[in-house]
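Student: Hi, I have a structure open and would like to go through it piece by piece. Could you help me read it?
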Amino acid sequence: MSMDKQKLGDALERLARVPRERLGFFPTPFHRLKNLSEEFGVELYLKRDDLTGPATFGGNKVRKIEFLIADAKRSGAEYVITHGATQSNHAMLTAACCACTGLKPVLFLNAIVPPSENDLRANLLLDHILGAEVHIIPASPGEKSGDADRRREEAAKARIRELESKGHRCYEIPVGGASPIGTLGFVSGYIELMEQLSSSGLDDPDYVVHASGSGGTLAGLLAGRALTGSKATILSFASGPKGSEYADHVAALANRALALLGCEPLVTSRDVKVDTDFVGEGYEIPTEASTSAIKLFARREGIFFDPVYTAKALAGLVEYIRSGRIPGGSRVVFWHTGGATALFAEKAMVGRVYS
Ligand SMILES: *Cc1c(COP(=O)(O)O)cnc(C)c1O
């Protein structure tokens, strides 16, 4: 399949009309993994969104935050309020991007793996270095995760009311930055990949593989794929359990992002292929396969992946290749979405990554 240059150009033009704050280093690198391509008998490439910047620890969220911060500034906001878990990459990167744009970050974080107050680690440590206002919502024993999420959302609403009553304008970003505006970041990301492939003399890949959480990345990739006329199969591996409504949610998000570009809905829930078989016991809980994937990619290619998202997707990828579900000789792009700070988080989250 060769790429449709006209569609690519049209998609770029539509995106160029949307306000975007330049915060990261784009395009992110794209390269082949020589050793593992040979070992697996596929052509394996990486899209390096772990290297987005703005600082050492980048990640996929920066793509979304560029569009979200532009929208926040347009609305005249002074404070940016966002949500996540205590080791949220999205929350940390929001705080970093607020720092470079003069906005004040306020983070509401669910403690899933309980952090130690006297030993702040990984992203939670970085949140504090960045000067974010941090609110931790401790888990209540026996509470369902939906209830903890509701408590987090109510706490954030209360803080927003308080700030606004004092005349401070607030801009709220949902978990993972997965709003229609944030999703535009990955429409742009998909187009960026297509341009890189094209300028390297490579065709549309057979598979684009990535880890999925809030669904914003996937929604953007699907919208970008539809816009560019790419035929690649987008294969997503979940970082936590997903309900039956997930596919509809992702398709709706993709179509709302397309609507912002003046496009008809092009994505249906049938396009959403999310495998939850590699989640294991749950979000932030490593599995044997995810732990060995971290070691394998570090020891063969010198690249670090994170235990919460990318390692679970890599575990899925390795299994698909070994079982032939991804046929030998396929051209596979794995989207490195970042997150390796979690290697320095609480032990329970990291797993046995050495020995
Ligand atoms: C947030 C995140 C994802 C998932 O992206 P969503 O848009 O939330 O689905 C994947 N990998 C890493 C490292 C992330 O931080």
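Tutor: Gladly, and please keep in mind that this is a predicted model. A good place to begin is strand S7 (residues 207-212), which runs parallel to strand S10 (residues 331-336) and is joined to it by 3 bridges. Within this pair, Tyr-207 stands opposite Val-332 in S10.

Student: OK, and which strands form the open sheet with S7 and S10 in it, and in what order?

Tutor: That open sheet is formed by 6 strands in the order S1-S2-S10-S7-S8-S9, and its pairing is mixed. Strand S1 (30-32) and strand S9 (274-275) stand at the edges with a single partner strand each, so one side of each has no neighbour in the sheet.

Student: What holds strands of a sheet to each other in general?

Tutor: Strands of a sheet pair through backbone hydrogen bonds, and they can do this in a parallel or an antiparallel way.

Student: Back to S7 then, how many bridges does it make with S8?

Tutor: S7 and S8 pair over 6 bridges in the parallel sense, and one of the matched positions is Val-209, whose bridge partner in S8 is Leu-235. S8 also runs parallel to S9, with 2 bridges joining them, and here Ser-236 stands opposite Val-274 in S9.

Student: Is S8 enclosed or open to the outside?

Tutor: S8 is largely enclosed by the rest of the structure, because 5 of its 6 residues are buried.

Student: And where does helix H8 lie?

Tutor: Helix H8 (residues 216-228) lies across S7, strand S8 (233-238), S9 and S10, and it runs at about 175° to S8. Together, S7, H8 and S8 make a right-handed β-α-β unit, and another right-handed β-α-β unit is made by S8, helix H9 (residues 246-260) and S9.

Student: How far does H8 reach, and what comes just after it?

Tutor: From its first C-alpha to its last, H8 reaches 18 Å with its 13 residues, which is close to the 18 Å expected at 1.5 Å a residue. Just after H8 comes Gly-229, which takes a positive phi of about 75°. As for its surroundings, 11 of the 13 residues of H8 are buried, so the helix is largely enclosed by the rest of the structure; among the buried ones are Leu-218, Leu-221 and Leu-222.

Student: What about H11, is it mostly covered or mostly exposed?

Tutor: H11 is mostly covered, with 11 of its 13 residues buried, including Lys-312, Leu-314 and Tyr-320. Helix H11 (residues 310-322) reaches 18 Å from its first C-alpha to its last, close to the 18 Å expected at 1.5 Å a residue, and it is followed by Gly-324, whose phi is positive, near 85°.

Student: Changing topic, what is the order of the open sheet of 4 strands?

Tutor: In that open sheet the order is S5-S4-S3-S6, and the pairing is parallel. Its edge strands are strand S5 (133-137) and strand S6 (170-173), each of which pairs on one side only, and neighbouring strands of this sheet are turned by 20° against each other on average, with direction ignored. S3 and S6 pair in the parallel sense over 4 bridges, where the bridge partner of Tyr-79 is Cys-170 in S6.

Student: Last one: where is Thr-86?

Tutor: Thr-86 is found in the loop between strand S3 (79-85) and helix H4 (89-99).

Student: Why does Thr-86 count as buried?

Tutor: Thr-86 counts as buried because its relative accessible area is 1%, and the cut-off for buried is under 20%. Leaving aside neighbours within four places in sequence, Thr-86 is in contact with residues including Leu-109, Pro-115, Asp-127 and Ile-136.

Definitions and conventions
Residues numbered from 1 in each chain as written. Predicted model: local features only at pLDDT ≥ 70, side-chain atom pairs only at ≥ 80, totals over all residues. Heavy atoms only, no water. Pairing = 2+ DSSP bridges. Contact = heavy atoms within 4.5 Å. Axes fitted to C-alpha atoms, helices over the stretch in contact; angles between N-to-C directions. Expected span 1.5 Å × (residues − 1). Buried < 20%, exposed > 50% of the residue type's maximum accessible area, 1.4 Å probe, protein only. Right-handed = clockwise from strand over helix to strand, strands pointing away.
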